[in-house]
Every structure is written in C-alpha cells, then in structure tokens.
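I opened these notes to record what I looked up about the ligand site and the empty space in the structure shown below.

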Amino acid sequence: LAKKEARGSYRLVSAIDSTEAQDRLVLSSALRESLSKGLLNLHYQPQIEARTGDIYGVEALARWNHPTLGTIFPSRFIAVAEETGQIEAIGRWSLEEACRQITRWEREGVHIPVVSVNLSAGHFHNRSLVPMIAGLLEKYGLAPERLTVEITESVMMEESDETMNALSHIRKLGVGLSMDDFGTGFSSLSRLTRLPLTEIKIDRSFIMNLDHDPNAQAVTTAVIGIGNRLGMTVVTEGVETEAQYDLLERLHCDVLQGYLFARPMSATDLAAWARQPRMLMPAMQRTDRA
Ligand code: C2E
Ligand code: MG
Ligand code: MG
Ligand code: MG
C-alpha cells in the first residue's frame with residue numbers, strides 16, 4: 001500500500017508543473033478527491049486600514065494540504081481547477097467556509113469586519129452563484145457588507161451580459177465587489193466606471209517597484225486617486241517594506257495587505273493575531289487613540 005501511495009504522489013508531483021493533458025487529469029482527480037475529503041482549507045491574510053492601523057478585513061486564500069506532498073499553493077492548482085471546471089466546487093466551498101469562519105470568529109469574540117473570497121470567471125456563467133451567495137448570508141445570519149468577492153480584471157473584461165448581470169446582482173445584495181490584481185490586465189479606465197465595484201486592489205507588481213521605479217509610483221498614485229474619486233476603497237497587495245508603507249500612507253491608500261503586516265495564516269492563528277495589540281506599527285504610534 002505504501003508503495004502504491006508513493007507512486008501516486010510521485011505521479012502527482014510530476015503532474016503539478018506539467019501542461020500535458022494526461023497530467024492535468026491526474027492533478028484534477030487528486031484535487032477532486034482532496035476536496036471531498038476535506039483536505040482543502042482556507043488561510044486568511046489580514047488587511048490593515050492605513051489611517052488607523054485597525055484590521056479592515058481578511059482575504060481568504062485556498063491551501064491544499066496533501067497527505068504526502070504537504071501544502072500545495074493555489075498557483076499550482078487554480079489554473080487546472082479552472083480548466084477542468086472544478087473551480088466551481090472550490091468557489092462554492094470557499095464561499096461557505098469563509099462565511100462559516102467569520103461567524104465562528106464572532107462567537108469567539110473576534111470581530112473581523114469583512115472576509116474577501118477569490119472567484120474565477122467560470123462562476124459567473126453559473127446562474128446559481130447569486131442565489132447561493134444570498135443563501136449563505138441567510139444561513140449564517142451575515143450582513144452582506146461582511147462579504148467581498150474578488151475578481152480579476154480578466155473576468156470583468158468579458159463584459160458579457162451574463163457576467164454583468166451576476167456582478168450587478170451581487171452588488172444589489174450588498175456584497176462588496178473588488179477588482180483584484182488591478183493593472184495587470186487590459187481594462188480601460190472607463191470600465192472602472194461601468195462596473196459596480198466597491199474596491200480596487202492594485203497589483204503587487206506595482207507595489208514591489210514602488211521605492212525605486214517612478215513609473216510604478218506614478219501608476220499607483222493615479223489609481224489611488226481615481227479609486228478614491230470614484231468612491232471605491234483602494235487596497236494594495238504585497239506590501240513588504242516600511243518604505244512602501246510610508247509612501248502608500250502618504251498617497252492616502254485606504255487599505256494595506258502584505259508580509260510587512262502578516263502572512264496568510266490558519267483561522268486559529270488569525271484569531272490570535274487579531275486579539276494581540278499591534279503597537280509596533282508606525283501608523284499606530286501616530287494615531288490619536290490613547
Ligand atoms: P491574489 O488574490 O492576488 O492573492 C494574493 C497573493 O499574494 C496570495 O498568494 C498571498 O499569499 C500573496 N501575498 C500576500 N502578501 C504578499 C507579500 O507581501 N509578498 C508576496 N510576495 N506575496 C504576498 P497565494 O495565497 O499563493 O494565492 C495566489 C493566487 O491564487 C491569489 O492571488 C488568487 O488569485 C488565487 N487564489 C487563492 N485562493 C483562491 C480561491 O479560493 N479561489 C480562486 N479562484 N483563486 C484563488
Ligand atoms: Mg485576491
Ligand atoms: Mg490580488
Ligand atoms: Mg496578485
């Protein structure tokens with residue numbers, strides 16, 4: 001049995017970085033099995049309100065805990081899940097898990113204002129998405145503002161009636177809508193005004209170069225300005241250094257997310273993190289709270 005298992009995980013290891021159709025199937029069926037066995041879980045990364053240093057919310061990020069391979073990150077399996085249609089099951093699961101978790105934290109006395117869940121293009125072709133979200137809010141007794149859906153530019157780009165319809169219905173429910181990885185796709189600025197967005201997340205590639213690349217700085221400044229003018233919350237991802245933090249604060253970026261503050265972590269670790277006072281952050285020291 002051990003031998004069989006070893007051979008199985010060897011196949012999976014080689015399948016993970018492969019583009020061969022056969023290997024995609026191996027990966028996809030392993031993923032399906034893991035999902036049904038409860039081997040996927042969500043990690044949560046805090047998002048910090050720049051002005052106060054308070055917790056703004058968390059982003060839920062999928063992790064695949066393979067019994068022999070250890071933690072497999074989304075970059076290795078989301079694309080395959082999208083191709084094989086499994087992303088729908090993952091999306092349904094992550095929406096429910098996130099809703100369940102935010103209510104569980106609340107019961108434990110940890111108030112996390114918002115949880116953001118990543119969804120892929122495939123979900124928006126499915127008519128059951130909106131009723132499912134509405135059903136989850138009701139099941140867990142959650143105010144709609146407690147949930148945000150993150151979608152990449154490529155989903156928004158489609159602008160099919162189907163997608164636009166789903167987006168506006170999600171907004172009508174009162175759930176937040178965030179454009180993830182903004183600046184990496186080809187969306188025009190006019191699209192920003194046509195989509196019912198509540199939030200823009202500036203892609204990490206701009207933040208990474210913020211300290212030394214005037215172009216990255218110009219784009220970041222412009223996007224923060226436009227987002228604010230359009231009444232959206234502007235979030236930056238991948239904040240890793242104090243220098244980036246200082247600059248983003250000066251540019252009036254609303255919300256910051258990155259390793260400088262915290263890495264994605266388990267629900268239990270997130271609760272402990274949220275409980276502990278965070279006195280070391282420069283912004284905290286500058287606030288007028290006693
Ligand atoms: P994303 O939505 O843009 O998520 C941010 C990614 O950046 C996460 O990677 C996070 O761990 C990483 N990150 C956060 N702060 C920093 C930082 O300071 N420095 C660096 N270098 N990286 C940072 P992760 O968890 O590997 O997720 C990768 C992508 O996979 C996500 O990008 C998202 O598009 C996708 N993804 C994750 N979970 C799900 C899911 O449940 N469903 C779908 N459809 N996609 C998911
Ligand atoms: Mg995201
Ligand atoms: Mg992102
Ligand atoms: Mg990104």
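Where does ligand 1 sit? I looked this up before anything else, working throughout with a predicted model, and found that ligand 1 sits in the largest pocket.

Entry on the shell. I then asked which elements give two or more residues to the shell around ligand 1, and I noted strand E2 (55-66), helix H3 (74-83), helix H4 (87-107) and strand E6 (176-182). E2 gives the most, with 4 residues. The shell counts 22 residues in total, and I wrote down Arg63, Ser120, Asp180, Glu240 and Tyr259 as the closest to ligand 1. Sorting the shell by class, I obtained 8 nonpolar, 6 polar and 8 charged residues.

Entry on polar contacts. For Glu59, I found an N or O atom of the side chain at 2.9 Å from an oxygen atom of ligand 1, and for the side chain of Asn118 the corresponding distance to a ligand oxygen is 3.0 Å. Tyr259 takes part through its backbone, where an N or O atom lies 2.7 Å from an oxygen atom of ligand 1. I next looked up how much of the ligand is covered, and noted that the protein covers 84% of the 800 Å² of accessible area that ligand 1 has on its own.

Entry on the pocket. The largest pocket holds about 1000 Å³ of space, and I counted 40 residues in its lining, with Glu59, Leu61, Arg63, Pro74 and Asn118 nearest its centre. Glu59 and Asn118, listed there, are also the residues I had noted for their side-chain distances to ligand 1, Glu59 at 2.9 Å and Asn118 at 3.0 Å. As for the elements, at least two lining residues come from each of strand E1 (40-49), E2, H3, H4, strand E4 (115-118), strand E5 (147-152), helix H6 (153-158) and E6. The largest share of this lining comes from E2, with 5 residues. By class, I recorded the lining of the largest pocket as 15 nonpolar, 13 polar and 12 charged residues.

Entry on enclosed space. How many cavities of 30 Å³ or more are there? My count came to 1 cavity, and I noted a volume of about 70 Å³ for the largest cavity. Its lining consists of Glu88, Gly91, Arg92, Leu95, Leu119, His123, Asn126, Ser128, Leu129 and Met132. The elements that give two or more residues to this lining are H4 and helix H5 (129-139), and H4 supplies the largest share, 4 residues. I closed the entry with the classes, which for the lining of the largest cavity are 4 nonpolar, 4 polar and 2 charged residues.

Note on methods
Residues are numbered from 1 along each chain as its sequence is written. Chains are lettered from A and ligands numbered from 1 in the order in which they are written. This is a predicted model: local features need pLDDT of at least 70, side-chain atom pairs count only at pLDDT 80 or more; totals for chains, interfaces and linings use all residues. Side-chain values use heavy atoms; hydrogens and water are left out. A residue is near a molecule or strand if one of its heavy atoms lies within 4 Å of it. A polar contact is a pair of N or O atoms within 3.5 Å; within protein, one must be able to donate a hydrogen and the other to accept it, and residues adjacent in sequence count only if both atoms are side-chain atoms. Accessible areas come from the Shrake-Rupley method with a 1.4 Å probe; for residues, only the protein chains shown count as cover. On a 1 Å grid over the protein atoms alone, a cavity is a set of points where a 1.4 Å probe fits but cannot get out, and a pocket is an open set with protein on both sides within 12 Å along at least five of seven lines; lining residues have an atom within 4 Å of a point. A molecule sits in a cavity or pocket if more than half of its atoms lie within 2 Å of its grid points. Ala, Val, Leu, Ile, Met, Phe, Trp, Tyr, Cys and Pro count as nonpolar, Asp, Glu, Lys and Arg as charged, and the others, Gly among them, as polar. Grid points are joined across faces, edges and corners, and a volume is the space filled by probe spheres set on the points.
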